[in-house]
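Please open the structure in your viewer and keep the sequence panel visible. The stops below are meant to be taken in order, with a selection to make at each one.

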Amino acid sequence: MPKDKPRRNLDVRSALDGADSAGSLGLRNFALNYIVIGALWLLVGMLLGIVMGAKEDFQFAPVHAHINLIGFACHSIFGMAYKQWPTLNSSALAPFQFWIFVIATPITLIGLVFTLTGGPAVPTILGSIGVFVGAALFFWMVSRLRFAAD
């Protein structure tokens, strides 16, 4: 009879170094938080694409594209960057970068729905400015990390 191999528990929190001593997820674990949010946006974007295709109504194709790019791709890339360079996580700018981008994303996307249906453009504009500021902060943080390495 073959010996059973010991099971390895796959704990995403520990895999992303996000568990504290009590094993709970901290709010400063930007890597895991970004990846989870990105995965959620992936599901939302895919669902919208499926619904649009089933209905053969592509009025919200720009929303679908922005969900996948700003929602899924950007959040996931930010999460991988925070994981790859842990010093980003301890930056004083990290919480601002995280919250500005995370809050501005749905404002932009909901605003885009309003804009496409003849509603006000203000939410789209404000959300887009927030997304830009969050991306600019990320650029600044990564640039400082890059030049600090030289």
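The tour goes from the whole chain to single helices, then to the core and a few residues.

**The whole chain**

Start with everything shown as a cartoon, and keep in mind that this is a predicted model. The protein contains five helices and zero strands, in the order α-α-α-α-α along the sequence. Switch on the surface: its accessible area is about 9,700 Å², and carbon and sulfur atoms account for 71% of that. Of the 150 residues, 31% count as buried. If you display contacts between residues at least 6 apart in sequence, 65% of them join residues at least 24 apart.

**Helix α2**

Select residues 30-55, which make up helix α2. Does the end-to-end distance of its 26 residues agree with what 1.5 Å a residue predicts? What span should they have? At that rise the expected span is 38 Å, and the end C-alpha atoms of α2 are 37 Å apart, which agrees.

Now colour the buried residues of α2: F30, A31, L32, N33, Y34, I37, G38, W41, G45 and M52. An α-helix has 3.6 residues a turn, so residues three or four places apart point the same way.

**The loop after α2**

Move on to E56, which follows α2 and sits in the loop between α2 and α3. E56 is not a glycine, yet its phi is positive, about 55°. Is E56 buried or exposed? E56 is exposed, because its relative accessible area is 67%, above the 50% cut-off.

Select F58 next, in the loop between α2 and α3. Leaving out residues up to four places away in sequence, F58 touches M52 and G53. The C-alpha atoms of F58 and L48 are separated by 9.8 Å, with the two residues ten apart along the chain.

**Helices α3 and α4**

Select residues 61-84 for α3. Its 24 residues should span 34 Å at 1.5 Å a residue, and the end C-alpha atoms are 33 Å apart, which agrees. The buried residues of α3 are V63, I67, N68, I70, G71, H75, S76, F78, G79, A81 and Y82.

For α4, select residues 94-116. The expected span for its 23 residues is 33 Å, and the distance between the end C-alpha atoms is 33 Å, in agreement. Buried residues in α4 include A94, Q97, F98, F101, V102 and A104. Further along α4, T105, T108, L109, G111 and L112 are also buried. Just after α4, look at G118, which takes a positive phi of about 85°.

**The core**

Hide the surface and show side chains. The largest nonpolar core has 22 residues, and F30, Y34, Y82, F98 and F101 have the most contacts inside it. Which elements give two or more residues to this core? They are α2, α3, α4 and α5. The largest share, seven residues, comes from α4.

Centre the view on Y34, a buried residue of α2. Setting aside neighbours within four places in sequence, Y34 is in contact with H75, S76, F78, G79, Y82, Q97, F98, F101 and V102. Among these partners, H75, S76, F78, G79 and Y82 are buried residues of α3, while Q97, F98, F101 and V102 are buried residues of α4.

**T108 in α4**

Select T108, found in helix α4. T108 counts as buried because its relative accessible area is 3%, under the 20% cut-off. Beyond its neighbours within four places in sequence, T108 is in contact with I70, P123, T124, G127, S128 and V131. I70 belongs to the buried residues of α3. T108 and I70 are 38 residues apart in sequence and 9.4 Å apart in space, C-alpha to C-alpha.

**Helix α5**

Finish on helix α5, residues 122-149. Pick A135, which lies in this helix. A135 is partly exposed, with a relative accessible area of 31%. Leaving aside neighbours within four places in sequence, A135 is in contact with F78 and F101. Measure from A135 to F98 in the viewer: the C-alpha atoms are 9.5 Å apart, and the residues are 37 apart in sequence.

Turn the surface back on and select V122, I125, L126, I129, F132 and V133. Together these residues make a nonpolar surface patch of about 590 Å². One of them, I125, has its place in α5. I125 is partly exposed, with a relative accessible area of 47%.

Conventions:
Residues numbered from 1 in each chain as written. Predicted model: local features only at pLDDT ≥ 70, side-chain atom pairs only at ≥ 80, totals over all residues. Heavy atoms only, no water. Helix = DSSP H or I, 4+ residues; strand = E, 2+ residues; numbered from the N terminus. Buried < 20%, exposed > 50% of the residue type's maximum accessible area, 1.4 Å probe, protein only. Contact = heavy atoms within 4.5 Å. Areas by Shrake-Rupley, 256 points an atom, 1.4 Å probe, with all protein chains shown as cover. Patch = residues over 30% accessible without salt bridge, like charges linked within 9 Å, V, L, I, M, F, W, Y side chains within 5 Å. Salt bridge = Lys/Arg side-chain N within 4 Å of Asp/Glu carboxyl O. Expected span 1.5 Å × (residues − 1). Core = buried A, V, L, I, M, F, W, Y, C linked by side-chain atoms within 4.5 Å.
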